[in-house]
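Q: Please take a close look at the salt bridges in this structure, and say which parts of the chain they join and how accessible the paired residues are.

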Amino acid sequence: MRLHRSLRQYPNFPSPGVLFEDILPLFADPLLHQSLIRALQLHVTNSYGEKQTPDVIVGLEARGFLFGPSLALKLGAGFVPVRKPGKLPGLTETAAFEKEYGKDFFQIQSNGIKPGQRVLIVDDIVATGGSAAAAGSLVKKLGGTLLGYVFILELDFLKGREKLDAPVHTLLSSQEEKS
């Protein structure tokens, strides 16, 4: 698939033993960007039907911001960001999640999702699943109906989808070093 071939890999970044998957080339080429958004749009409309598409797309900081708004626009949905603490104005709700080296936190504006709204969470990669699970808990805390999670890439070996309590869709999966 052309999308997968366009990803760049950086061995030992940001630390030794990590093979970093760079999705930024998908946004440098307008045709790739358009193909990405179209593939995600088709998945959502095929999975949920025309009448059950999301009311809100929630994008995780920071890479979920790169394609979440475009997908929301294509679906006729709103976009709500989930960010690190102190980055959003007004009242917020907070959820904690575990990272490799301790805890981190996400916040969402308290009025970002109305009770009963159908919500889809998007991010670039599902690795351990902790950040996406935290975002899911924030959606539920605000009374949203979590339809599922959508990612560009899944690092299967980290089993992050096991932490997620709604359907998970990824366009690309696994991680193999390119030659």
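A: In this predicted model, the side chains of Arg83 and Glu61 meet in a salt bridge, with N and O at 2.9 Å. Arg83 belongs to the loop between β4 (78-82) and β5 (92-99), whereas Glu61 sits in the loop between β3 (56-60) and α4 (64-75), so this pair ties together parts that are 22 residues apart in sequence. Both partners fall in the intermediate class of accessibility, which runs from 20% to 50% relative accessible area: Arg83 is partly exposed at 23%, and Glu61 is partly exposed at 21%.

The loop between β3 and α4 also holds Arg63, which forms a salt bridge with Asp124, the closest N and O atoms being 3.9 Å apart. Because the cut-off for a salt bridge is 4 Å, the pair of Asp124 and Arg63, at 3.9 Å, is counted. Asp124 lies in strand β7, and the pair links distant parts of the chain, 61 residues apart. The two partners fall into separate classes of accessibility, for Asp124 has a relative accessibility of 9% and counts as buried, while Arg63, with a relative accessible area of 25%, is partly exposed. This pair also belongs to a wider arrangement, since Arg63 and Asp124 are linked with Arg8 and Asp22 in a network of salt bridges.

A further salt bridge brings together the side chains of Asp104 and Lys84, with a distance of 2.7 Å from N to O. Asp104 is part of strand β6 and Lys84 of the loop between β4 and β5, so here the pair ties together parts that are 20 residues apart in sequence. Asp104 is buried, having a relative accessible area of 15%, whereas Lys84 is partly exposed at 24%. The loop that contains Lys84 is also the place of Arg83, and the loop between β4 and β5 therefore contributes a partner to the salt bridge with Glu61 and another to the salt bridge with Asp104.

As for the total, the count comes to 10 salt bridges, among them the pair of Arg83 and Glu61, the pair of Asp124 and Arg63, and the pair of Asp104 and Lys84. In general terms, side chains of opposite charge can pair when their charged atoms come close.

Methods: Residues numbered from 1 in each chain as written. Predicted model: local features only at pLDDT ≥ 70, side-chain atom pairs only at ≥ 80, totals over all residues. Heavy atoms only, no water. Helix = DSSP H or I, 4+ residues; strand = E, 2+ residues; numbered from the N terminus. Buried < 20%, exposed > 50% of the residue type's maximum accessible area, 1.4 Å probe, protein only.
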